[in-house]
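Student: I'd like to go through this one by asking how each label is earned. Can we start with what counts as a salt bridge?

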Amino acid sequence: SGSGMFLQVGTVAIVDGAFQLSSFVPAQDLFLAEPGSELDPDMAARWGALVPNQEWRNLNLSPRFDESARMAADMWAASGRGAVDGVMAIDVVALQRLLELTGPVEVPTDDGVTTFDADNVRKQLLRKQYEDFDRRVERRDQLGQVASSVFDAFNQRPIPAADLVGLIDRSGAERHLMLWSSDPAQQAAWEELGVSGVLPPDALMVSLINRGGTKLDPYMQLRATLTSSDEGDHRRVTVTVDLDNTAPAGLPRYVEGPYAGIDAVAGEYIGILSLSVPGTATEPATSADGFAVVGQDGPTRVIGANVAVPRGEQRQVSISFDLPQDVDAVQVTSG
C-alpha cells in the first residue's frame, strides 16, 4: 500500500561509505513455513489472514513501513540469513532517479550488453522485461543485475551532494525510497529526513493493491477527487476514484492472467482500492461491492474496497467517512 509489492530481497553492506550488494533473492522463494515475526494488533486484525509475517510479498499491505521493515528484519533472521541493522525499500522510480545522477550503466545479458539509463529503465523493468523473457528466473536475474550495476556506478562516479540530498528528499516524500533502522537515534533521523515511510495521523492516501497475481499495474490509471460537506457536528468527506484499465490485447499470459483460483478473465484487474484516512475518521462507506478491509492501522485508519476492472473498461468507486467538525485539513500523501 503506497509503495508497491516487494519482489526482490538482498543485503547491502556499507563499508567506508561504499555500498556492497549481495545477490538478490525472489521474494516468493522466501516464504516461511512458520511466522518469522510477531504481528502487532492492528496488523493482525487488518491483514493477518494474508500472513505478512510469513509471505514476503504481503509485507507491505499496510503503509506503515516501520512495521513492515521491523518484520522484514525478523523474517530475514528467521530464514537463517543473519541479523541486519536496518531495512531499505527502493523502487524503479528511485532507481531511475539514481541513474539521472550516475549516468547510464551496462548490464550483461545473453545477447551481449544492455544499456540502462534514466530514459528507458522504467519502461524496461515495469513492462518490456515481461515481453522479453519467457522464463521468470531470467527476468529476476536481470532485476538484481540492474540494481547492482546502478549501485556500483554510485560508488565509482562523482555525485554532487546537493543532487543526492534532493533525490532523497523527493523520493522519500513520494515513498519511492524508505529507510528504517533498529537504532532509535538513526530511526529518528530517517523520520526527520522524511524517508521513514511513516504516515502522519492526519494522512489521506489512495493506493491500489493488486490481488489478482497479474502484472497489469502499469496499465491502471487512477484519478481521484476529494469533496467534503458540513453535517451538524461532523464533516462528511468523500474520495471518488476513477479507475481505467488500459491494458492492450496480446500481452503475455504471465502479465494479463488469469491465474488458477482467481475468478477473472484475461486482462482483468482484481484488487483492493485502499484509502488511508485520519485516525479520527468514523462511519466508513463505499459504493463498491463491499469492504475488503476496514479499521485502525497504526496512527491512521484504512478503508479498503474490492474492485474488478476488465481490460478496456472504467470503474468509479467512492469511499466516504466522517471527521470531527474541528478537523479542517488533511495531509494528502503520495502513494
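Tutor: Sure. A salt bridge here is a side-chain nitrogen of Lys or Arg within 4 Å of a carboxyl oxygen of Asp or Glu. Keep in mind that this is a predicted model.

Student: Then what makes Arg236 and Asp322 a salt bridge?

Tutor: Their side chains meet at 2.8 Å, N to O, and the cut-off is 4 Å, so the pair qualifies. Arg236 sits in strand β11 (residues 234-245) and Asp322 in strand β16 (residues 314-324), so the contact ties together parts that are 86 residues apart in sequence. Both Arg236 and Asp322 are buried.

Student: What about Arg311 and Glu256: what is the N to O value there?

Tutor: For Arg311 and Glu256 it's 3.1 Å, and the limit is 4 Å, so that one is a salt bridge as well. Arg311 is in the loop between β15 and β16 and Glu256 in helix α8 (residues 253-256), so parts 55 residues apart in sequence are tied together.

Student: Why is Glu256 called buried, whereas Arg311 is called partly exposed?

Tutor: Buried means under 20% relative accessible area, exposed means over 50%, and partly exposed is in between. Glu256 has 12% relative accessibility, so it counts as buried. Arg311 has a relative accessible area of 25%, so it lands in the partly exposed class.

Student: Which residue forms a salt bridge with Glu174?

Tutor: Arg97 does, with the closest N and O atoms 2.7 Å apart. Glu174 lies in the loop between α6 (161-173) and β8 (177-181), and Arg97 belongs to helix α3, so the pair ties together parts that are 77 residues apart in sequence. On accessibility, Arg97 is buried at 7%, while Glu174, at 25%, counts as partly exposed.

Student: How many salt bridges does the structure hold, and which residues are linked in a network of them?

Tutor: There are 11 salt bridges, and Asp40, Arg64 and Asp297 are linked in a network.

Student: Now the reverse case. How do you know that Lys215 has no salt bridge?

Tutor: The nearest side chain of opposite charge, Asp217, is 6.7 Å away. A salt bridge needs the atoms within 4 Å, so Lys215 and Asp217 don't make one. Lys215 is buried all the same. You'll find Lys215 in the loop between β9 and β10, and, leaving aside residues up to four places away in sequence, it touches Leu7, Tyr130, Tyr254 and Val255.

Student: What makes Thr214 count as buried?

Tutor: Thr214 has 6% relative accessibility, and buried means under 20%, so the label fits. Thr214 is also placed in the loop between β9 and β10 (220-231). Its contacts, not counting residues up to four places away in sequence, are Tyr254, Val255, Glu256, Gly257, Tyr259 and Glu268.

Student: Back to α3: why call this helix mostly covered?

Tutor: 9 of the 11 residues of α3 (residues 92-102) are buried, including Val92, Leu95, Arg97 and Thr102.

Student: And what makes Asp91 a cap for α3?

Tutor: A side-chain oxygen of Asp91 lies 3.1 Å from the backbone nitrogen of Val93, at the N-terminal end of α3. The limit for a polar contact is 3.5 Å, so this one passes. Just after α3, Gly103 takes a positive phi of about 90°.

Student: Let's finish with the sheet. Why is β12 described as largely enclosed?

Tutor: 10 of the 10 residues of strand β12 (residues 269-278) are buried, so the rest of the structure largely encloses this strand.

Student: How do you know that β12 pairs with β9 and with β15?

Tutor: Pairing takes at least two bridges. β12 and strand β9 (residues 203-210) have 6, in the antiparallel sense, with Leu208 opposite Leu273. β12 and strand β15 (residues 300-309) are joined by 10, again antiparallel, and Tyr269 has Val309 as its bridge partner.

Student: What makes β14 and β17 edge strands?

Tutor: The open sheet of 5 strands runs β14-β15-β12-β9-β17, with mixed pairing. β14 (291-297) and β17 (331-332) each pair on one side only. For β14, 6 bridges join it to β15 in antiparallel fashion, and Gln296 stands opposite Arg301.

Note on methods
Residues are numbered from 1 along each chain as its sequence is written. This is a predicted model: local features need pLDDT of at least 70, side-chain atom pairs count only at pLDDT 80 or more; totals for chains, interfaces and linings use all residues. Side-chain values use heavy atoms; hydrogens and water are left out. Buried means under 20% relative accessible area, exposed over 50%, partly exposed in between (1.4 Å probe, protein chains only). Helices (H or I, at least four residues) and strands (E, at least two) are DSSP runs, numbered from the N terminus. A polar contact is a pair of N or O atoms within 3.5 Å; within protein, one must be able to donate a hydrogen and the other to accept it, and residues adjacent in sequence count only if both atoms are side-chain atoms. Contact means heavy atoms within 4.5 Å. Lys and Arg count as positive and Asp and Glu as negative; His and the chain ends are not counted.
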